[in-house]
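Student: I'd like to go through some charged pairs with you and ask why each label applies. Could we look at the structure together?

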Amino acid sequence: MKSIQVGLLGIGTVGTGTFNVLKRNQEEIKRRAGRGIEITMVADLDLARARAIVGPDVTVVDDARQVIANPDIDIVVELIGGYGIAKSLVLQAIAAGKHVVTANKALLAVHGTEIFAAASAKGVMVAFEAAVAGGIPIIKALREGLSANRIQWIAGIINGTTNFILSEMREKGLDFGVVLKEAQRLGYAEADPSFDIEGVDAAHKATIMSAIAFGIPVQFDKAYVEGITRLEATDIRYAEQLGYRIKLLGITKRAEMGIELRVHPSLIPAKRLIANVEGAMNAVVVNGDAVGTTLYYGKGAGSEPTASAVIADLVDVARLHTADPLNRVPHLAFQPDAMSKLPVLPMSEVVTSYYLRLRVADQAGVLAKVTGILADANISIDAVLQREADEVGGEGATSTDLIILTHEAREGTMNDALIRLQDLPTVLAPIVRIRKEELS
Ligand code: HSE
């Protein structure tokens, strides 16, 4: 049978990996797909570089529209990234009747509804395994492997850059800014790393997982997003003393009134497997009612790990493109006419537990006032840690750190309590609040 012909839009790190792995493993891939899969056309603005990667047998152009217009191309792989030109090219490819494989989480998290609707109307597939957690087949697991389950929650370390930064901060006791510079020097973080460190990249990925897990539309605009830029080494150290690690988690959870969708630093018990995921690695924990808790671990970025996911999608499309579109796996796991109307909850309605650090005057009655305010708000305390003043501020210091772990409370209730706590004259600095997840 004739090989499936693939056109690549963009041949950077992931495109190069895709080209090389497809070539290296072509026989193995053919045995799986039932026919060959070949990249026959590449569009990239850097023609010379692209030619050097793919050699003379592949057509190289600098205009992506030529790939889309080529009637011999069956699948368009979009590896440009971002919401701009990539969106228009993906929609053009769909309109031209091409199947699309993309690693573009930003595009799908923000414009997924429009893109999937266009693809369904045209009877083509949009596959996106590489968009979440790189080489980890988490989309496949959620969409197919766990399809018996009512998913309860997902919590993932889904941004390698921030996990590298947090690991270094913990292991070396360094502050955020110092480690960020090191991450940039090593090439983990971009020169403009804001999408990583502000939690946006993780929120794109959490948004996509949330849609697939609960059968809701992608709703990035409803996600709560908080990055790691304000984290201090002090809190990582205190967390450790209390038996916790701090990780940037993407969390989505089924709650009574809706779906939680949030990215923020979280304390998690150090004994959990996911707490021990270090460096640039990714891991996702999924809890389903039948299967219980499952963990998926691997490289969330990089040339060949991400290519592994792109090629898995190419194999899927090669196998399924002749199937009746209605019998294919739905883009978001649930049939488009059976989507849930459950709302994504505002952050004030989220229920979680908390780590609080208060810099307080070292005086009699301070602890009683603090615990009194929490008791008024019906927020139950789980643990308290108070350091000697001179341990925190040096000899003769008159203030100290009071660390409180709470049981679960509604975020809105905690916000109100924090305003009252901050107003106490004996609370001397802005209170640090970090959410805590037991993941049990
Ligand atoms: N910037 C991402 C990360 C890589 O650091 O994990 C791909 O999503």
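Student: What makes K205 and D201 a salt bridge?

Tutor: A salt bridge needs a side-chain nitrogen of Lys or Arg within 4 Å of a carboxyl oxygen of Asp or Glu. The closest N and O atoms of K205 and D201 are 2.6 Å apart, so the pair qualifies. This is a predicted model: local features need pLDDT of at least 70, side-chain atom pairs count only at pLDDT 80 or more, while totals for chains, interfaces and linings use all residues. Residues are numbered from 1 along each chain as its sequence is written, and side-chain values use heavy atoms, leaving out hydrogens and water.

Student: Where do K205 and D201 lie?

Tutor: Both belong to helix α11 (residues 200-214), four residues apart, about one turn of the helix. Helices are DSSP runs of H or I with at least four residues, strands are E runs of at least two, and both are numbered from the N terminus.

Student: Why is K247 called buried?

Tutor: Buried means under 20% relative accessible area, exposed over 50%, and partly exposed in between (1.4 Å probe, protein chains only). K247 has 2% relative accessibility, so it counts as buried.

Student: And why is E349 called partly exposed?

Tutor: Its relative accessible area is 36%, so E349 falls between the two cut-offs.

Student: How do you know that E349 and R410 form a salt bridge?

Tutor: Their closest N and O atoms are 3.0 Å apart, so the pair meets the cut-off. E349 lies in the loop between α13 (303-320) and β13 (351-361) and R410 in strand β16 (residues 409-410), so the pair ties together parts 61 residues apart in sequence.
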